[in-house]
Every structure is written in C-alpha cells, then in structure tokens.
Amino acid sequence: NISYMKSKRKQNRSIDYQILSAINVRGHGTLFVPTDFLNLGSRQAVDIALHRLVRKRTIRRLARGIYDFPEEHSKLGKLQPSPEKIAGALVGRDCTRIQPTGAYAANILGLSEQVPAKVVFLTDGPSRTVKIGAITIQLRRTTPKNMTMAGRLSGLLVQALRELGKENVTAERLEHLKQILPVDKRQ
C-alpha cells in the first residue's frame with residue numbers, strides 16, 4: 001500500500017512536470033484549459049497539477065477552467081490577456097468559431113475609442129459568460145448565417161459597421177478604414 005502511494009505521488013509529480021514543460025514551451029501570455037493536457041493524465045490528475053501550479057503562483061487561474069501563464073511587464077506587473085485570447089481559450093476545446101461584435105469590433109478597427117466593459121463574441125458553440133477582472137466576456141450563440149464570415153476581416157467589418165449604424169459611417173471613418181485595411185482586402 002505504501003509503494004502504491006509513492007507510485008501515485010511520483011506519477012502526479014511527473015504530470016506536474018509535463019504540464020509545466022508544455023506551458024513553458026507555449027511561453028508567457030498563453031491561455032489554456034485543463035482539457036489541453038488530457039494527453040498527460042486523467043482529468044482529476046490534470047486539475048490537481050494545475051491547482052498546485054496556481055498555488056505556487058507559476059500560473060494564474062483567470063476563471064473556472066481558464067488559466068494563463070501571465071506575461072510580466074517591468075512596471076505594470078502581470079498583464080491581463082486580451083478578450084480575444086480569453087474567448088479563444090473558451091472555444092478552442094470545442095472546435096467552434098468566434099466573431100467579435102458590437103463596440104469591441106469597432107474598437108479593434110479603430111472606429112471607436114470606446115473600450116467596452118462587456119465584450120460580446122458571436123459563436124456557433126454554446127453560449128457562455130465569463131468575468132475576468134473588470135471585463136465580462138460573453139459568447140452568444142448565433143445562426144450559421146451570422147458565422148459565415150467568422151474569423152475574417154470582412155466579418156469584423158460587418159459587425160463594427162452594424163454597431164455604428166448607417167448614420168455614423170462618416171467620410172472620416174471610411175478614410176480611416178482605407179488607411180488601415182490592406183490593399184488586397186479592400187474589395
């Protein structure tokens with residue numbers, strides 16, 4: 001029975017080491033979910049290893065089931081990951097797609113200075129809301145028609161322009177888009 005316990009502890013340390021190695025390979029600023037490591041051990045063993053790494057402050061638990069290997073800034077300390085990275089981690093395991101929408105899409109394109117406290121992404125996966133720090137990220141399930149341009153610049157443009165409304169698409173904003181959009185994507 002004692003040898004079984006030693007064997008279990010050695011196996012757990014081995015999983016800890018393998019997870020830490022995988023995280024280090026990905027580098028600072030990466031996000032991950034427990035299912036990213038199921039090839040290394042059982043879900044329970046992975047959860048325990050991640051918990052230990054959080055306790056040691058090697059990684060950070062952002063929300064239930066979402067972790068990051070934080071990027072450090074010399075003056076600002078640990079940086080928060082972007083909403084896109086967080087949403088990507090949420091949908092990555094389910095092989096679903098996301099599309100930024102609303103004020104966030106307009107902000108990404110520089111059409112709005114507004115940085116929303118609630119970031120909304122359309123998805124073809126399950127709806128979900130996650131709060132990380134001051135930011136709330138909402139994945140909103142939508143129709144396949146709304147996801148046809150997901151992950152493309154055209155999809156981002158459609159969502160940003162929809163948020164602004166026809167009356168707010170000024171000549172100045174169109175000129176801004178001409179300057180930032182690559183020539184081969186303008187059509």
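This report covers the overall form, the charges and the salt bridges of a predicted model.

## Fold and dimensions

The protein has six helices and nine strands. Its C-alpha atoms fill a box of roughly 75 × 40 × 30 Å along the principal axes. The radius of gyration is 20 Å, whereas a compact globule of 187 residues would have a value near 16 Å.

Take the contacts between residues at least 6 apart in sequence. Of these, 52% join residues at least 24 apart.

## Burial and surface

Buried residues account for 39% of the 187 residues. The protein exposes about 11700 Å². Carbon and sulfur atoms supply 52% of that area.

## Charges

The protein carries 32 positive and 15 negative charges. The mean positions of the two sets are 10 Å apart. A search of the whole structure finds five salt bridges. Three of them are described below, among them a pair within a helix and a pair of buried residues.

## Asp-36 and Arg-26

The side chains of Asp-36 and Arg-26 form a salt bridge, with an N to O distance of 3.5 Å. Arg-26 belongs to helix α1 (residues 2-26), and Asp-36 sits in the loop between β1 (30-32) and α2 (43-55), so the bridge ties together parts that are 10 residues apart in sequence.

Both partners are partly exposed. Asp-36 has a relative accessibility of 31%. For Arg-26 the value is 36%.

## Asp-47 and Arg-43

This pair lies within helix α2. Asp-47 and Arg-43 are four residues apart, about one turn of the helix. Their closest N and O atoms are 3.1 Å apart, and the two residues form a salt bridge.

Asp-47 is partly exposed, at 30% relative accessible area. Arg-43 is also partly exposed, at 41%.

## Asp-68 and Arg-60

Are the residues of this salt bridge buried or exposed? Asp-68 is buried, with a relative accessible area of 1%. Arg-60, at 17%, is buried as well. Residues count as buried under 20% relative accessible area, so the value for Arg-60 falls within that class.

The side chains of Asp-68 and Arg-60 meet at 2.7 Å, N to O.

Methods: Residues are numbered from 1 along each chain as its sequence is written. This is a predicted model: local features need pLDDT of at least 70, side-chain atom pairs count only at pLDDT 80 or more; totals for chains, interfaces and linings use all residues. Side-chain values use heavy atoms; hydrogens and water are left out. Helices (H or I, at least four residues) and strands (E, at least two) are DSSP runs, numbered from the N terminus. The radius of gyration is taken over C-alpha atoms; the globule rule is 2.2 Å times the number of residues to the power 0.38. Buried means under 20% relative accessible area, exposed over 50%, partly exposed in between (1.4 Å probe, protein chains only). Contact means heavy atoms within 4.5 Å. Accessible areas come from the Shrake-Rupley method with a 1.4 Å probe; for residues, only the protein chains shown count as cover. Lys and Arg count as positive and Asp and Glu as negative; His and the chain ends are not counted. The place of a charge is taken as NZ of Lys, CZ of Arg, CG of Asp or CD of Glu. A salt bridge is a side-chain nitrogen of Lys or Arg within 4 Å of a carboxyl oxygen of Asp or Glu.
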